[in-house]
Amino acid sequence: MAAARPRPNHQCGDDRQRSSQRWRLTLAGLGLARLAAFQVKDDIAAGRLQTVLEDFNPGDRVEVHAVFLGQGGYLPSRVRALLDFLVEKVRLD
């Protein structure tokens with residue numbers, strides 16, 4: 001009788017947790033990772049990390065979706081302020 005070996009599941013937590021785990025493992029010298037520039041800029045400046053394969057870097061482009069599921073009626077001012085901030089600060093191509 002043969003039994004299937006369980007496959008390890010290395011996925012855990014949300015994207016933010018996985019990104020933090022990749023960052024810590026990379027700082028420990030355990031491999032390469034594609035991390036956001038804002039996350040590693042201090043480590044690069046301090047010499048703890050170095051950039052590699054820059055010719056293959058597509059850039060820090062991330063899709064942003066702003067969705068508000070309100071109860072109808074007027075848009076709350078705090079939501080309008082967030083949307084205005086995103087339009088001003090996030091480059092839309």
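Accessible areas here come from the Shrake-Rupley method with a 1.4 Å probe. With that in hand I looked up the total: the accessible surface of the protein comes to about 8,900 Å², and carbon and sulfur atoms hold 55% of that area. I note at the outset that the model is predicted.

**Confidence**

I checked pLDDT next. The protein has a mean of 78, and 75% of its residues reach 70 or more. Going by element, I found the lowest mean pLDDT in α1, at 80. Helix α2, residues 37-45, has the highest, at 88.

**Overall make-up**

I listed the secondary structure and got three helices and zero strands. The order along the sequence is α-α-α. I then looked up burial: of the 93 residues in the protein, 9% are buried. For contacts with a separation of 6 or more, I recorded that 19% are between residues 24 or more positions apart.

**Thr26**

I located Thr26 in helix α1, which spans residues 15-27. Is Thr26 buried or exposed? Its relative accessible area is 15%, and the cut-off for buried is under 20%, so Thr26 counts as buried. I then went through its contacts, leaving aside neighbours within four places in sequence. Thr26 is in contact with Gly31, Leu32, Ala33, Leu35 and Leu49. I met Leu32 again when I turned to the surface, as a member of a nonpolar patch.

**The nonpolar patch**

Which residues make the nonpolar surface patch? I wrote down Leu32, Val52, Leu53 and Phe56, with an area of about 490 Å². I followed up one of them, Leu53. It lies in the loop between α2 and α3, the latter being residues 77-89. Leu53 has 57% relative accessibility; exposed means over 50%, so Leu53 counts as exposed.

**Asp43 and Arg48**

I counted two salt bridges. As a general point, side chains of opposite charge can pair when their charged atoms come close. I took the pair of Arg48 and Asp43 to begin with; their side chains meet in a salt bridge at 2.7 Å, N to O. The pair also appears as a polar contact between the two side chains, at 2.7 Å. Asp43 lies in helix α2. Why does Asp43 count as buried? Its relative accessibility is 6%, and the limit is under 20%. Not counting residues up to four places away in sequence, I found that Asp43 touches Trp23, Leu27, Arg48 and Leu49. Leu49 had already come up in my entry on Thr26, where it is among the contacts.

**Asp84 and Arg80**

The other entry under salt bridges joins the side chains of Asp84 and Arg80, at 3.2 Å, N to O. How are Asp84 and Arg80 placed in helix α3? They are four residues apart, so about one helical turn separates them. I looked up accessibility for each partner. Asp84 is partly exposed, at 41% relative accessible area. Arg80 is partly exposed as well, at 39%. I set this beside my note on Asp43, which is buried at 6%.

How values were computed
Residues are numbered from 1 along each chain as its sequence is written. Side-chain values use heavy atoms; hydrogens and water are left out. Helices (H or I, at least four residues) and strands (E, at least two) are DSSP runs, numbered from the N terminus. Buried means under 20% relative accessible area, exposed over 50%, partly exposed in between (1.4 Å probe, protein chains only). Contact means heavy atoms within 4.5 Å. pLDDT is the predictor's confidence in each residue, from 0 to 100. Patches are made of residues with over 30% relative accessible area and no salt bridge: like charges are joined within 9 Å, nonpolar side chains (Val, Leu, Ile, Met, Phe, Trp, Tyr) within 5 Å. A salt bridge is a side-chain nitrogen of Lys or Arg within 4 Å of a carboxyl oxygen of Asp or Glu. A polar contact is a pair of N or O atoms within 3.5 Å; within protein, one must be able to donate a hydrogen and the other to accept it, and residues adjacent in sequence count only if both atoms are side-chain atoms.
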